[in-house]
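Work through the exercises below with the model open beside you. Try each task before you read its solution.

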Amino acid sequence: MTPTQFAEALYSPLADRLVLTLAHFLWQGTLIAIVVLACGAICGRNVQRRYVVSVFGLLALVILPLATFAILGEQDAGNAFASSTNDVALSDHIEGYDGLLRPSHETGSAVFDNPGRPSYEGGFLSSASPWLLVTWLAGVLILSLRLVLAVASASWLKRTGDIAGEMLRGQTERLSRKLHSRTPIVRVSRQVTQAMAVGFFRPVIIIPTAWLIQLPPECLEAVLAHELAHIRRRDLWINLMQRIVETFLFFHPAVWWLSARLRHEREMCCDELAVSLTGRRVE
């Protein structure tokens, strides 16, 4: 895309609709956060229910902007159709068609010149729309780079490190049987400082090499149970969706609040599942 084409795209009706969608998300995101907070309070100490509420809140963050964008598109199409119908009627019954349909900008009734423009024509959003859109695109680009680097780093970690020893493999197989899930590969690596599960289709559990001598076998088993719980619950996919939402809706504090809440409750859920597997709450 050439600079001229990019500049024209910033002033297009589609760009205006996108900015208006993001503007609507300011109150939509706040409403979602209030509902999640209220429902979480009703759930009390039930971590699993609070987690489910947060997941539905995350889905709402995805669905509402898409629905708003679609609705605004239908409205624009309806306005364009109505305007074209009026054009035909006026051309049949009124002489001086060109003069009537193109009034001066001072009258503020240039609706026939561009029927696809949203209803906020002439307001703050209309004048600031190109700058708001450029700012949003810059934020999306930066956070997209963060997401790409995170995925590349996870992919690199999957291929590095050493295969875990017999003790860890045995513990993993036993815990996987309890969870009725496939046994993942376990690696030990000097490149990480905490245990993690990476990969979407073939997850791998990575344990810091130093933990093999710092932690007793009971604690290592609890760590494995926690990471296996992440894999069993499909948390890696939910985390990916969180990152995507953060990338596109980064400008709303409610997005970051809900994402942090979701991560905290996810860890609590995995801890509960790990305790049920090992029976060792302290570890």
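The exercises cover aromatic rings, charges over rings, pockets and cysteines in this predicted model.

**Exercise 1. Classify the pair of Trp136 and Phe248, and say what the pair ties together.**

Step 1. Start with the total: the structure holds five aromatic pairs.

Step 2. Take the geometry. Trp136 and Phe248 are 6.5 Å apart, centre to centre, with 45 degrees between their planes. Planes under 30 degrees apart count as stacked and those over 60 as edge-to-face, with the rest tilted. This pair is therefore tilted.

Step 3. Place the two residues. Trp136 belongs to helix 5 (residues 124–159) and Phe248 to helix 9 (residues 235–248), so the pair links parts 112 residues apart in sequence.

Step 4. Check accessibility. Trp136 has 12% relative accessibility and counts as buried. Phe248, at 39%, counts as partly exposed.

**Exercise 2. Do the same for Phe201 and Trp237.**

Step 1. The ring centres of Phe201 and Trp237 lie 5.3 Å apart, and the planes meet at 75 degrees, so this pair is edge-to-face.

Step 2. Phe201 sits in the loop between strand 3 (196–198) and strand 4 (204–208), while Trp237 is in helix 9, so the pair ties together parts 36 residues apart in sequence.

Step 3. Phe201 has 68% relative accessibility and counts as exposed. Trp237 has 37% and counts as partly exposed.

**Exercise 3. Find an aromatic cluster, then find which charged ends sit over the rings of Phe69 and Tyr51.**

Step 1. One aromatic cluster is formed by Phe25, Phe250 and Phe251.

Step 2. Go to Phe69. The charged end of Arg17 sits over its ring, 4.1 Å from the ring centre.

Step 3. Go to Tyr51. Here the charged end of Arg233 sits over the ring, at 4.5 Å from the centre.

**Exercise 4. Describe the largest pocket: its volume, its lining and the elements that supply it.**

Step 1. The volume of the largest pocket is about 760 Å³.

Step 2. Its lining has 25 residues. Nearest the centre lie Ala197, Val198, Leu236, Asn239 and Arg243.

Step 3. At least two lining residues come from each of helix 5, strand 3, helix 8 (217–232), helix 9 and helix 10 (253–278). Helix 5 gives the largest share, seven residues.

Step 4. Sort the lining by class: 11 nonpolar, seven polar and seven charged residues.

**Exercise 5. Describe the second largest pocket in the same terms.**

Step 1. The second largest pocket holds about 370 Å³ of space.

Step 2. It is lined by 20 residues. Arg182, Phe201, Arg202, Pro203 and Ile231 lie nearest its centre.

Step 3. Strand 2 (185–189), helix 8 and helix 9 each supply at least two residues of this lining.

Step 4. By class, the lining has nine nonpolar, four polar and seven charged residues.

**Exercise 6. How many disulfides does the structure hold, and why is Cys270 not bonded to Cys269?**

Step 1. Recall the bond: a disulfide joins the sulfur atoms of two cysteines covalently.

Step 2. Count: the structure holds zero disulfides.

Step 3. Test Cys270. Its closest cysteine sulfur is in Cys269, 6.9 Å away. A disulfide needs the sulfur atoms within 2.5 Å, so this gap is too far for a bond.

Step 4. Compare accessibility. Cys270 has 0% and counts as buried, whereas Cys219 has 21% and counts as partly exposed.

Terms used
Residues numbered from 1 in each chain as written. Predicted model: local features only at pLDDT ≥ 70, side-chain atom pairs only at ≥ 80, totals over all residues. Heavy atoms only, no water. Phe/Tyr/Trp six-rings, centres within 6.5 Å; stacked < 30°, edge-to-face > 60°. Helix = DSSP H or I, 4+ residues; strand = E, 2+ residues; numbered from the N terminus. Buried < 20%, exposed > 50% of the residue type's maximum accessible area, 1.4 Å probe, protein only. Lys NZ or Arg CZ within 6 Å of the ring centre and 35° of its normal. 1 Å grid on protein atoms, 1.4 Å probe; cavity = no way out; pocket = protein on both sides within 12 Å on 5 of 7 lines; lining within 4 Å. Points joined across faces, edges and corners; volume = space filled by probe spheres on them. Nonpolar A, V, L, I, M, F, W, Y, C, P; charged D, E, K, R; others polar.
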